[in-house]
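Colleague: Got a minute to go through this one with me? I'd like to ask about a few spots as we scroll.

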Amino acid sequence: MSLDMLTPYLVEIARPIIGAKTIQVILFREVLDYTVLRTEETREVNTVVTPLSISIGKDVRRAAFLGSKQKAVESRELERMLRTAGVEAGLVELQCHLKDNLCLKCPRCALFGGTNVESGSEKIANIKHRIEYGTAFSLLPFEEVRVALTFNAINDKTQKTGQALGTRYAVRPSTVFPSVVTLKSVTHKELILVIKTLLSARNYGAETRIGGDMRNSIVGIVAGWEEMITPLELTLELYDRREDLSGDTVAGILDRYQAYAGNPNKLKVFTPEQVDLMVEQVAEVSLDRRFLDEAYADVAQYRLEQKG
Amino acid sequence: MRPMPMWLSIGWSRKDSPEMYKMIDLEKAGYSLLEGRLYNHDYLWFSSTEIAKVSSTWPAIHNYALSYSLSQYSHGVYRGNCPRYEDDLASMPLYTTPAISPVVTRTTITLNAVDDLTLRTDSGGKINTPNLGKRVTLDPCFELPQSGRRLELGYLFFCFVRGDYRPPAVARLGKKGCPIRVCWKGIESPQAFLLDEAVVPAHPVNPLDISGEVLSYDPIILPPHMLFRRAEIRGDWFVRVDGGMVLLPKRIRHEIGRT
Ligand SMILES: [Zn+2]
């Protein structure tokens with residue numbers, strides 16, 4: 001099984017003390033509908049000044065897709081998946097939801113971390129997250145991906161639009177955000193859950209009313225004792241190769257970054273064929289009773305160890 | 001420690017050939033010294049900014065935070081939220097100076113954590129994460145490496161590394177795990193000297209790392225402890241790096257003394 005190639009970078013069981021084993025999943029997040037990625041009340045798309053590319057230092061603005069927004073959606077997606085699979089497998093329904101009712105017993109809590117919020121909870125240990133996100137930057141400069149949307153008020157009685165209320169900027173469909181999700185000391189099952197989550201998460205909009213539909217494609221996997229590349233570097237590298245956004249291009253970039261690592265001999269860049277096979281295998285795994293029982297038992301073991 | 005007014009502080013060390021009467025060969029003592037230039041590739045935010053006066057916060061990184069990050073030292077919190085700095089630092093393979101950046105820009109980010117049950121951001125609850133809040137963060141920073149030109153942006157710091165540990169070039173920093181890239185440069189044959197004269201180190205200083213006399217300092221308030229953005233120190237140990245002075249932290253010197 002191709003996934004077995006990742007075994008040296010996975011842990012047998014998740015533990016409170018996190019080691020160096022690291023897997024980076026490289027994604028293209030592609031916008032399918034007009035999407036407002038805002039962080040401000042002004043409802044502007046959030047932008048960041050960056051060099052145009054890894055070879056051209058000219059400053060440009062890029063749309064920023066905050067790591068916290070990606071994480072919020074994917075954390076909920078994993079919860080939804082566990083809930084549905086759990087009910088189907090005849091388990092007690094998962095009682096775990098954001099933001100104040102994390103159960104600290106499920107694989108979502110074990111992976112994304114959680115703080116116990118019950119009163120007088122000081123003696124109950126928290127869980128540190130082992131999944132890391134980073135803000136993703138649009139492949140193309142903001143000027144090339146933005147669209148101005150005018151929005152109108154609709155009169156309920158006449159169903160006619162009134163006057164234009166204003167204009168706001170959104171990013172247009174087909175905008176690509178190269179992105180990285182990093183896993184630290186995760187188990188085989190956690191890896192499967194994360195990849196399934198990335199493949200099924202879709203709605204990322206700041207306001208669900210206006211778009212936010214995205215499609216994630218997993219285009220690369222690199223493993224080692226540290227992270228090899230950041231989302232910003234990935235975007236700047238890919239801009240120069242934007243005519244060929246393929247797994248081969250990504251693998252080529254990752255190969256070059258290997259040299260900068262603190263422990264380059266521990267790093268392994270997987271080929272696009274290997275990555276595709278891994279993703280296929282993950283898709284085939286079913287979240288049946290046995291899988292879920294074992295995954296929850298792992299979390300129980302983690303908590304037991306925390307109690308010492 | 002006897003603080004003196006800022007106007008009394010003098011620039012770089014007065015003489016170029018300081019009187020030296022003691023020396024530590026760091027390599028023989030099992031240490032290497034690296035110069036690091038750190039770039040935050042995402043919005044960088046410290047919990048210090050939860051306190052008011054955010055915009056006056058220096059773009060400085062505490063050396064404890066940096067040492068945790070580059071040691072890849074991370075653990076689930078066992079009891080409450082109290083870090084055990086001394087135990088942790090003693091077991092880490094490296095120790096850094098604080099880091100500072102000459103130029104940064106900032107962005108305010110509005111957070112809104114939605115409650116899944118109510119779909120609101122203003123639901124009550126005894127929580128330690130804000131429902132709706134603002135965060136002033138330091139903008140991502142990137143510098144294109146160009147051959148023949150020195151890097152000059154990002155956060156400069158120095159790192160004392162024990163044994164053959166290789167610090168990572170990409171790590172995570174701050175409460176929100178901002179991805180950072182560090183460009184490392186090894187310092188050849190680092191020697192530390194006990195200097196009797198006043199020296200202003202080439203980096204910010206954690207007061208707990210000083211064993212000499214502080215003649216003047218310029219403080220930055222930064223949890224968990226204050227830092228000196230600039231300090232003038234007499235009678236302490238320093239390593240000369242490219243004409244600048246790097247303070248040999250007290251804890252490293254003690255560790256060397258023990259072995
Ligand atoms: Zn949970």
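Colleague: Where does Leu104(A) sit?

Modeller: Leu104(A) is in the loop of chain A that runs between helix H1 (67–88) and helix H2 (107–112). Keep in mind that this is a predicted model.

Colleague: And is Leu104(A) buried or exposed?

Modeller: Leu104(A) is buried, because its relative accessible area is 3% and the cut-off for buried is under 20%. The backbone there is worth a look too: Leu104(A) has a positive phi of about 60°, although it is not a glycine.

Colleague: Which residue in the loop between S8 and S9 of chain A should I look at next?

Modeller: Try Ser174(A), which lies between strand S8 (161–171) and strand S9 (176–184). Ser174(A) is not a glycine either, yet its phi is positive, about 80°.

Colleague: What about accessibility for Ser174(A)?

Modeller: Ser174(A) comes out at 40% relative accessibility, so it counts as partly exposed. Go on into strand S9 and you reach Ser179(A), which is buried because its relative accessible area is 0%.

Colleague: What does Ser179(A) touch, sequence neighbours within four places aside?

Modeller: Ser179(A) is in contact with Val25(A), Ile26(A), Leu27(A), Arg29(A), Gln70(A), Ala136(A) and Leu234(A).

Colleague: Zooming out, how many helices and strands does chain A have?

Modeller: Chain A has 8 helices and 11 strands. Of its 308 residues, 56% are buried. Take the contacts in chain A between residues at least 6 apart in sequence, and 72% of them join residues at least 24 apart.

Colleague: Changing topic, where is Arg242(A) found?

Modeller: Arg242(A) is in the loop between helix H5 (231–240) and helix H6 (247–257) of chain A. At 33% relative accessibility, Arg242(A) counts as partly exposed.

Colleague: What does the side chain of Arg242(A) reach?

Modeller: The Arg242(A) side chain reaches the backbone oxygen of Tyr239(A) at 2.8 Å. Setting aside residues up to four places away in sequence, Arg242(A) touches Leu139(A) and Leu140(A).

Colleague: How far is Arg242(A) from Leu104(A), the one we started with?

Modeller: Their C-alpha atoms are separated by 42 Å, and Arg242(A) and Leu104(A) are 138 residues apart along the chain.

Colleague: And in helix H6 of chain A, which glycine can you tell me about?

Modeller: Gly252(A) is found in H6. Gly252(A) counts as partly exposed because its relative accessibility is 34%. Gly252(A) and Asp276(A) are 24 residues apart in sequence, and C-alpha to C-alpha they are 16 Å apart in space.

Colleague: Okay, pockets. What is the volume of the second largest pocket?

Modeller: The second largest pocket has a volume of about 580 Å³. Its lining has 27 residues, and those nearest the centre are Val49(A), Asp59(A), Pro140(B), Cys141(B) and Phe142(B).

Colleague: Which elements give two or more residues to that lining?

Modeller: Strand S3 (47–51) and strand S4 (59–65), which belong to chain A. S3(A) gives the most, with 5 residues. By class, the lining of this pocket has 13 nonpolar, 8 polar and 6 charged residues.

Colleague: Why doesn't Cys141(B) bond with Cys183(B)?

Modeller: Cys183(B) holds the closest cysteine sulfur to that of Cys141(B), but it is 10 Å away, so it is too far for a bond. The cut-off for a disulfide is 2.5 Å between the sulfurs, and the count over all chains is 0 disulfides.

Colleague: Is Cys141(B) buried or exposed?

Modeller: Cys141(B) is buried, with a relative accessible area of 14%. Over in chain A, Cys106(A) is at 0%, so it counts as buried too.

Colleague: Last one, in chain B. How many residues of helix H1 are buried?

Modeller: In H1(B), residues 63–70, 7 of the 8 are buried, so the helix is largely enclosed by the rest of the structure. Among the buried residues are Asn63(B), Tyr64(B), Leu66(B) and Tyr68(B). Just after H1(B), Gln72(B) takes a positive phi of about 50°.

Key:
Residues numbered from 1 in each chain as written. Chains lettered and ligands numbered in written order. Predicted model: local features only at pLDDT ≥ 70, side-chain atom pairs only at ≥ 80, totals over all residues. Heavy atoms only, no water. 1 Å grid on protein atoms, 1.4 Å probe; cavity = no way out; pocket = protein on both sides within 12 Å on 5 of 7 lines; lining within 4 Å. Points joined across faces, edges and corners; volume = space filled by probe spheres on them. Helix = DSSP H or I, 4+ residues; strand = E, 2+ residues; numbered from the N terminus. Nonpolar A, V, L, I, M, F, W, Y, C, P; charged D, E, K, R; others polar. Buried < 20%, exposed > 50% of the residue type's maximum accessible area, 1.4 Å probe, protein only. Contact = heavy atoms within 4.5 Å. Polar contact = N/O pair within 3.5 Å; in protein donor to acceptor, adjacent residues only side chain to side chain.
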